[in-house]
Amino acid sequence: MRVTDVMKERTLFSFEVFPPKTEQGMDKLVGEDGVLDHLCGFQPDYISCTYGAGGRNARTNLEVLKAVQSRGNVIPVAHFTCIGNTKDEIRTQLQTYLDNGVNHLLCLRGDLPFGWTGTNGDLHYATELVKFVRQEFGDAFTIAVSGSPEGHIASRSLEADIGYLKQKQDAGADYIMTQLCWDMDQFAYWMEAIRAAGITMPVDVGIMPVLDEAATINMALSHNGCVLGHDLSRLISKYWIFPNPFAPEEAEESLAQKKADFKKAGIEYTINQIDQYRTFDIAGLHIYALNKYEDVTTLIEGAGLRDLI
């Protein structure tokens, strides 16, 4: 079964995890009664695993994907980037994925490490990677590509970014996995714009749960250049816990309570956003699980995502 086959039948539901840096973290993720066991208990259609620049965590990436594959009824999806990879290295790594039963990819340029001005590899853009995979492996892989409803932070305009997305489709991509977007008006505009541009690929929406103030602001501004909408900004203001010159010695108990209250309100905010996304013509909801399951469980049950199964 391919992800695209499921999309033809119903709205799919999936998770994203990342390769832990320590053996303890890996055991917590893939070990008995670990995070993967709990996530797979929700019967997702697929679980994707991120990939570090230059494949520095390629071994643990594959280990996680093999663990997903071993669960039997969940499709493993490998993130894969251009950064630091020669064509020979890409060819070898992708064949290894196939040999281990992994035949779904998210093709990315990848975030450039600090100080880099290019990929330092043979391929420089996700479009080139999609084209290369198709040339070398035909239809062996189902290929997802990233879509940015607010435009990629490195793109000169939203229109240019949509043009690049069309090139990815023309190169052989199968579906879109979106970057996070908390601005629903912008998402609606983007959906209309990509369809007007001739982009027909199904759209799988990436959902970043709002659980922590610092992480939310960091993810929005330093990684994606995303808009923090009015409701989300008010939420952050209400439970503000960053250094406060007017209360420099706020009690630890007070700070802990604010964090707990923000997480509760953030989960409710995320549930409401999922409800809004489900009114669009989307093909799936892809939850960034952040290698956790407790908060994700609350989110899934509150949003009624079990209904998608």
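## Strands and the barrel

Two strands pair if DSSP finds at least two bridges between them, and strands here are DSSP runs (E, at least two residues), while helices are DSSP runs of H or I with at least four residues, both numbered from the N terminus. With that in hand, let's look at one bridge: L106 has A144 in β5 as its bridge partner. Strand β4 (residues 104-108) and strand β5 (residues 142-147) run parallel and are joined by 4 bridges.

This is a predicted model, where local features need pLDDT of at least 70 and side-chain atom pairs count only at pLDDT 80 or more, while totals for chains, interfaces and linings use all residues. Residues are numbered from 1 along each chain as its sequence is written, and side-chain values use heavy atoms, with hydrogens and water left out.

The wider picture is a closed barrel of 8 strands in the order β1-β2-β3-β4-β5-β6-β7-β8, with parallel pairing. On average, neighbouring strands of this sheet are turned by 25° against each other, direction ignored. Angles run from 0 to 180 degrees between N-to-C directions, and axes are lines fitted to C-alpha atoms, for helices over the stretch in contact.

## A closer look at β7

Strand β7 is a good place to zoom in. Because 5 of its 5 residues are buried, β7 is largely enclosed by the rest of the structure. Buried means under 20% relative accessible area, exposed means over 50%, and partly exposed lies in between (1.4 Å probe, protein chains only). V203, V205 and I207 point one way from β7, whereas D204 and G206 point the other way, and all are buried.

V203 lies in β7, which spans residues 203-207, and has a relative accessibility of 0%. Strands β6 and β7 run parallel and are joined by 2 bridges, and I176 stands opposite V203. Contact means heavy atoms within 4.5 Å. Setting aside neighbours within four places in sequence, V203 is in contact with I176, T178, W190, M191, I194, R195, I282, A283 and G284. V203 and L180 are 23 residues apart in sequence, and their C-alpha atoms are 13 Å apart in space.

## The nonpolar cores

A nonpolar core is a set of buried Ala, Val, Leu, Ile, Met, Phe, Trp, Tyr and Cys residues joined through side-chain atoms within 4.5 Å. In soluble globular proteins, nonpolar side chains tend to be buried together. Here the largest nonpolar core has 70 residues, and F15, Y97 and W190 touch the most other members. Helix α8 (residues 184-196) gives this core its largest share, 6 residues. A second, separate core of 14 residues includes L180, V210, I236 and Y239.

Beyond its neighbours within four places in sequence, Y97 is in contact with Y51, N61, L62, L65, A78, H79, F80, V102, L105 and F141. Helix α8 lies across β5, β6 (175-178) and β7, and runs at about 155° to β7.

## Helices side by side

Which residues of α10 meet α11? They are D231, L232, L235 and I236, and on the α11 side they meet F262, A265, G266 and Y269. The axes of α10 (residues 230-238) and α11 (residues 252-277) come within 10 Å and cross at roughly 170°. That makes α10 roughly antiparallel to α11, a label that applies to angles over 145 degrees (under 35 is roughly parallel, 65 to 115 roughly perpendicular and the rest oblique).

## Two buried polar side chains

T270 lies in helix α11 and is buried, at 1% relative accessible area. A polar atom of its side chain lies 2.8 Å from the backbone oxygen of G266. Not counting residues up to four places away in sequence, T270 touches I207, M208, P209, V210 and L299.

R134 sits in helix α6 (residues 126-137) and is buried too, at 16%. Its side chain reaches the backbone oxygen of G172 at 3.0 Å. R134 also touches, among others, D139, F141, I143 and D174.

## Two loop residues with positive phi

D33 is not a glycine, yet has a positive phi of about 60°. D33 lies in the loop between α2 (23-30) and α3 (35-40) and is exposed, with a relative accessible area of 55%.

L290, also a residue other than glycine, has a positive phi near 60°. L290 is found in the loop between β8 (284-288) and α12 (294-303), and is partly exposed at 32%.

How values were computed:
A polar contact is a pair of N or O atoms within 3.5 Å; within protein, one must be able to donate a hydrogen and the other to accept it, and residues adjacent in sequence count only if both atoms are side-chain atoms.
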